[in-house]
Amino acid sequence: MRFYSLLLLTAAFPAFAQAPASKRRIIDVHMHIMSSDPRWDSKAPNPATGIVPTALNEAAHRRATIEQMKRYGVIFGVISYENEVDTALLKRWMGTQPGLFIPGIGFNLPNAVTTDFIRAERKAGRLSVIGEIGAPWVGYSAGDTAYERFFALAEELDIPIAVHAGSAGGQATYHGSPRYRMELNRPLRLEDMLARHPNARVDMMHAGWPFADETVALMKLHPQVYVDIGVIAWTQPPEEFHSYLRRLMGDGLGKRIMFGSDQMVWPEAIGMTVDAIESATFLSRDQKRDIYCRNAARFLKLSPNPC
């Protein structure tokens, strides 16, 4: 059973700044849903713009996220819980806009969920992606053997697995995640796991930033690894993001870079990520189409191809 529908492909979305959405389809592989969040309570401003969010509960956040998706032509969004396993929350999102979302399961600690639970959710048609696995937030690397069973299950079920790697985490060590260390985000910490599970399709989230050398080396040796540009596209200065993206493109990895917003409690991050891609003048229109949609469609094995 699939939670996405190709009926969405004929929807009349609003236009992009440069081209109609019908010609600029996007798959956002990195989105989050939550039933509550301390950042709503504190009205935490967008870290890039300083603007205080106005969507401060689940229903408002859901509406604002869907509005952004429609405005910018996002035809599918991969969603996962953020730091909670809440099947009721997932059902609310899936039911609000049938066909728009592809369901994932997010967790940090390796004992947060069981493989039996994931297998049952997959069988019931409520799971298409394992992840985001936020291992570094709780003092692990996703390459730690504690997560081995999830990579093995991704192979068994032939579904993607998405892991947090790179990204500085907003000084997370001092703000609620005392075990967070950048060392745990290093892409090469995943290498032994990849070698043991070569058939697991892996999304290395945040594109391994800022570890460009390790990211390139890992991707060149392990073709099952894709990356998404979640959060770095809109929290980093344009010069830094474009420099990093140019490095990956220059090393011939343009067919494995995917659009991801990592919108968290700031739905406007979807549009900000589109702007970051559009302003990358070194990308051809064809390369942008790869990043927006075609690479993700291949990674997710969507059929027929929606791009």
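**Overall fold and the packing of helix α3**

Buried residues account for 58% of the 307 residues in the chain. The model examined here is a predicted one. Its secondary structure amounts to 11 helices and 8 strands. The radius of gyration of the chain is 18 Å, close to the 19 Å that the globule rule gives for 307 residues, so the chain is as compact as a globular protein of that length. Measured out along its principal axes, the C-alpha trace extends over about 45 × 45 × 40 Å.

The contact pattern adds to this picture. Of the contacts between residues at least 6 apart in sequence, 76% join residues at least 24 apart. As for the outside of the chain, the accessible surface is about 12500 Å², and carbon and sulfur atoms contribute 53% of that area. The chain carries 34 positive and 32 negative charges, and the mean positions of these two sets lie 6 Å apart.

Helix α3 offers a welcome close-up of the packing. This helix covers residues 87-96, and its residues L89, L90, W93 and M94 are buried. These residues sit on the same side of α3, because they cover an arc of only 130° around the axis. What do the buried residues of α3 pack against? Their partners include two strands that flank the helix in sequence numbering, β2 (74-81) and β3 (101-107), together with β1 (26-33) and helix α2 (58-72).

Technical notes. Residues are numbered from 1 along each chain as its sequence is written. This is a predicted model: local features need pLDDT of at least 70, side-chain atom pairs count only at pLDDT 80 or more; totals for chains, interfaces and linings use all residues. Side-chain values use heavy atoms; hydrogens and water are left out. Helices (H or I, at least four residues) and strands (E, at least two) are DSSP runs, numbered from the N terminus. The radius of gyration is taken over C-alpha atoms; the globule rule is 2.2 Å times the number of residues to the power 0.38. Buried means under 20% relative accessible area, exposed over 50%, partly exposed in between (1.4 Å probe, protein chains only). Contact means heavy atoms within 4.5 Å. Accessible areas come from the Shrake-Rupley method with a 1.4 Å probe; for residues, only the protein chains shown count as cover. Lys and Arg count as positive and Asp and Glu as negative; His and the chain ends are not counted. The place of a charge is taken as NZ of Lys, CZ of Arg, CG of Asp or CD of Glu. The arc is that of the directions from the helix axis to the C-beta atoms.
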